[in-house]
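User: Please take a close look at one part of this model, and explain step by step how its strands are arranged and what surrounds them. A connected account suited to a first-year student would be welcome.

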Amino acid sequence: MSLSKWKLKIKLPVYFILISVLPLILINVLWFNTSQKAVIDTTSDRLRTIVSKAEHELESFFTTKQISLIIHSQTEAFLSKNLEKMNTELTNFLLQDEDIRELSLIDTNGKELLYISRDKVDRPDAPRDLSNSDAYKITTFVGGSRYISEVFWDDDGIAYTEIAIPIISPDDAQNLQSLTTSSQGDYRPSGEILGVLREVVSLRSLQLSIDELSKQAQLTVYIVDDKGRVLFYPGNNNFIASSLSEVFEVSSFLFFVTNTRFDQHRVEEKGVNRNLNEFGELALSTHGHVSVTNWGIVTQVPLTQILSSTNQIGLLILVLFIIFTISVILLSLSISSQILRPIELLQLGTSRIRAGELDTRIGVKTGDEIESLSNSFNDMATALKTAFDKLEEDRDLITTERNKLETVIAEIEDGVIAIDKNKKITIFNQACEKLLRLQSNEVIGQPVEQILSFSDNDSLIPFEEYCPSTDSSVEQGVIFTKPNIKLSAYNGQDLYVNLVVAKIKDQANVNIHCILTIHDVSKERELEDMKLDFVSMAAHELRTPLTSISGYLSVFMNENASKLTDDQQFFVSRAQIATQQLGALVENLLNVSKIERGSMEVESIPTDWLPIVDQIVTSLHYRANDKHVKLAFTPPSNPMPKVKVDRLRISEVLSNLISNAITYTKPGGNIIVSLEQRDGFLITHVKDTGQGIPKDALPHLFTKFFRVSGVLEQGSKGTGLGLYISKAIVEMHNGKIWVESELGQGSIFSFSLPISD
Amino acid sequence: MSEKKVILVVEDDVAISDLYAHVLRNAGFEVLTALTGGSGIELIKEHAARLSLILLDIMLPEKNGIEVLQWAKGDERAKDVPVIILSNLAQDNVIDQAKKIGAIDYIIKMKIDPYALVEKVKQTTS
């Protein structure tokens, strides 16, 4: 796992430790190495110093002993060759040097002439023959050299050695000089040998001085002879006189020492070695050579000993270092937690926000960037909360509105169907389900044309007609209405409905193309049919007696005209007019019922209109004359084209308009009927000089049962059905009817009829 | 003077029947009247050969005018006798039906003056 993946909590202390502790470790190691090296260097120097001191001590010991022997051999007593004098001389010599254990004078034949001992116990009675001793042989025959014996020990463990020199004549004494100055200690007189002076020397003092050297230098200094025997070993007499290999463990150190014992070359190298010592410890060692006796000097000190102080300091440093490191870790943990605590708070806050606890706020008071971060965080949380609350509120509002809307749509008594741009049904309310016996889930998403169709008098109303795909998005409101049309569903359900189609604004946003409102008129239609049937029946039943009355009145007048007085005739004619009015009323009622029922039919055939107008105007002349109103028809000068009309029906319209004009025009007024050809239509105008029609009444003039009130009331008659029926008939001819009027000036009623091709 | 033309009036309303009979007789026609559809058929059967015109109402007891008309037009002897429907029933479908079966005219009683009717009868039978 790489460091970068760790948490900050771990990373920070680790960085801290790396930065502060690593250099410390480096410095320590460096210091330790350097100080160790210094200690070793110092120790090595000491070792070498001690070795040379020991060498010097030993060399000078033996040289001194030889020289003092030689000096005494040249004294006057010896020159005089007087044994008494020589005895005295040697006795004094023994007393002067405490190391000397015994002294002997040997003649040239090997006979002991004098013998002086410190103990004086072993003094032989007769002179000893020492001609076979090494001392005599080496000094007299082997080149006349001085002699130093091997070390030997007495019962008390004191080491001794035997030293002998040849005695020469004073003539040859000049060689003495070379003896004293020679570091080798060689004494090779060339003259005649007069005898041999021999002494046994105790090495006790030498041993003590070497021991002292060891002690002072805190080193082990020991001496071995050329046979490998340990001569001196400080503080341990058990090793003395034993062979090195017997008293010490065989080690590389010993091997080195024993193998180089006689190797002058190697022994003279006084380098310091690092070996295992005689106890198997790693030690620093060096060695020296005593040329007089061909002895070896070994000094060694175990590394543990010399480095113990350094090691102690190192240990101390280590302890301090551990304490320091622990402190650093604790400190860095505390610092990092101080730094991290606000971050953790932020993290906690973030996860709470994520969990939806929008009231979460972070109370970091560190006064630094983290506090401003947490402040920003709190601001963000506040903004989030506000926005969220707003959203919630909006959502509730929308839900409420939607529920309201859904409820409203569902509860509407009329069927509501919404259609999207792809002509598919998107809303199909409960009323629709009930009306068409369809479930909304089986029709929603289906193309509306496959589900239902509308037809008016058996002719299908195409989808494009009631829900045109005009792309003008501004178009809104009701775009199509059609009462009384047949709605056929694909499941065979048929019913009569009023259809209202609306478009809404922004239809693209809600994907609603058209909203169809379907009002079921089947029941109303039934009722209407019943009503119309009743009206029809009633009218019929009314006609029968009316027919009788008018018929008998007519016959009565016809047959008795000559017998009746003027008054009587007037009365009968009044009855006739009233009967006619009643008949017209019944007729109008019947027409209205036909119009309402849609059963009025027009059979349009190309017809010459002019003669019909002429005929109607003529037939109404007598009524106009009665009222003293001038009725005139001004035929156009140019020939008029034929129009497509149902002659009977359209005659009713013109009659009605002229009758109205007569009714509402005061005596002396004028009524002018005229024709005009315009835009493929033949327009008939009926202009009167009547009272005119109030402006507010104009829009209602052609509606059922409407009658202008006020000024017109007194003179008005009729049912308010005439204009309604006229309008229906004109529209059935695909024409239009309209009125222009000014109160007090008169009115112009006009209607247009399509010219036949 | 030539033999009077015979007109059959089938009309259930006695007043109207009498009125038409009166004016037609005054105009020189022989008039037979029937008050029900059934009796109308009986009279047609009886007088078919000498009938010049039948004035037939629609709303009749026993058998209605359409039934009578159908019967008449289906009868070998009567089928050539012209029939004018005289009714106050002004339903277009009935009018169409009557004309289809063979009535030569359909007149709304209310709209025709008795003398105008006489003129119409004269025209038809001349």
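**A strand pair in chain B, and two parts of chain A**

Analyst: In this predicted model, strand β4 of chain B, which spans residues 83–87, runs parallel to β5(B), and the two are paired over four bridges. One of the partnerships can be named, since B:Ser87 has B:Ile108 of β5(B) as its bridge partner. To pass from β4(B) to β5(B), the chain goes through helix α4 of chain B, residues 92–101, and this β-α-β crossover is right-handed. In a regular strand, side chains alternate between the two faces of the sheet. Strand β5 of chain B (residues 105–108) has B:Asp105 and B:Ile107 on one side and B:Tyr106 and B:Ile108 on the other, and with all four buried, both of its faces are covered.

Chain A offers a sheet with another kind of pairing. Its seven strands form an open sheet in the order β13-β12-β18-β17-β16-β14-β15, and the pairing is antiparallel. The edge strands, β13 (425–428) and β15 (459–461) of chain A, each pair on one side only, and from one strand to the next the twist averages 40°. At the β13(A) edge, the neighbour is strand β12 of chain A (residues 415–419), joined to β13(A) in the antiparallel sense by three bridges, with A:Ile419 opposite A:Ile425.

Helices also pack together in chain A: α18 (residues 566–597) and α21 (residues 722–732) meet at an angle of about 45°, their axes 10 Å apart, and are therefore oblique to each other. Their crossing is left-handed, and the residues making the contact include A:Val592 and A:Ile595 of α18(A) and A:Tyr724 and A:Ile725 of α21(A).

Notes: Residues are numbered from 1 along each chain as its sequence is written. Chains are lettered from A and ligands numbered from 1 in the order in which they are written. This is a predicted model: local features need pLDDT of at least 70, side-chain atom pairs count only at pLDDT 80 or more; totals for chains, interfaces and linings use all residues. Side-chain values use heavy atoms; hydrogens and water are left out. Buried means under 20% relative accessible area, exposed over 50%, partly exposed in between (1.4 Å probe, protein chains only). Two strands pair if DSSP finds at least two bridges between them. A crossover is right-handed if, with the strands pointing away from the viewer, the path from the first strand over the helix to the second runs clockwise. Axes are lines fitted to C-alpha atoms, for helices over the stretch in contact, and angles run from 0 to 180 degrees between N-to-C directions. Angles under 35 degrees count as roughly parallel, over 145 as roughly antiparallel, 65 to 115 as roughly perpendicular and the rest as oblique. A crossing is left-handed if the near helix is turned anticlockwise from the far one by less than a right angle, and right-handed if clockwise. Contact means heavy atoms within 4.5 Å.
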